[in-house]
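Hi everyone, thanks for making time. I'd like to walk you through a few local details today, so let me put the sequence and structure on the screen.

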Amino acid sequence: MSTVIRILGVDPGSAATGWGVVERAGARLSYVASGVIRPKRGAAHAQKLAEIFEGLKALIFEFGPDEAAVEETFVNANPRDALVLGQARGVALLAPGLAGLTVAEYAANSVKKSVVGKGHADKTQVAAMVKVLLPKCGALASDEADALAVAICHAHHSSFRKLEAS
């Protein structure tokens, strides 16, 4: 019997932070839960970051993941947008880190390649494959599908790293 590992995937953003929880037992993946943390519109930036942090902290308490994975920031043409996204990503790394979880980081292309098979897949292709891999997930917001894709990517990569270490 395989050990069950619960993984929290996070797709950080200041307006919408997607999250998804999956379980891996050997090569088998199963859907646990997913959603989107949406800070109050018009709130001060620091307040939005605090809401993301509190939301992730509550999810970690509720679902008790063993590991976490966060999507890396892609290069953005607008430096201000890149900075804002980087701050949300920092919060997404901090919350599971403070909870004592191992936190992995994956580039968007790696996530897409792990889920769809090609690194330049679009959001609809990613969402469609997430539904194939996790049929119990139902209808998903795009941020939610992206977060589940991050968790799936981590499940695939962490399995591979454990095989390499054996």
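**A buried glutamate, a helix and two cysteines**

Let's begin with E71, which sits in strand β4, residues 67-71. Please keep in mind that this is a predicted model.

Which side chain of opposite charge is nearest to E71? That is K123, 6.5 Å away. E71 is buried and yet has no salt bridge; for that, a side-chain nitrogen of Lys or Arg would have to be within 4 Å of a carboxyl oxygen. As for the surroundings, leaving out residues up to four places away in sequence, E71 touches V10, D11, P12, R89, Y106, A108, V111 and V150.

Next, helix α4, which covers residues 123-133. Here V126, A127 and V130 are buried. Why do they lie on the same side of α4? Because they cover an arc of only 95° around the axis. As a reminder, an α-helix has 3.6 residues a turn, so residues three or four places apart point the same way. On the face of α4 turned away from the buried side, we find T124 and V132, both exposed.

Last, the cysteines. How many disulfides does the structure hold? Zero. C137 is in no disulfide, and the nearest cysteine sulfur to it belongs to C153, 17 Å away. Seen from C153, the closest cysteine sulfur is the one in C137, and at 17 Å it is too far for a bond. Are these cysteines buried or exposed? C137 is buried, with a relative accessible area of 7%, and C153 is buried too, at 0%.

That's my tour, and I'm happy to go back to any of these views.

Note on methods. Residues are numbered from 1 along each chain as its sequence is written. This is a predicted model: local features need pLDDT of at least 70, side-chain atom pairs count only at pLDDT 80 or more; totals for chains, interfaces and linings use all residues. Side-chain values use heavy atoms; hydrogens and water are left out. A disulfide is a pair of cysteine sulfur atoms within 2.5 Å. Buried means under 20% relative accessible area, exposed over 50%, partly exposed in between (1.4 Å probe, protein chains only). Helices (H or I, at least four residues) and strands (E, at least two) are DSSP runs, numbered from the N terminus. The arc is that of the directions from the helix axis to the C-beta atoms. Lys and Arg count as positive and Asp and Glu as negative; His and the chain ends are not counted. Contact means heavy atoms within 4.5 Å.
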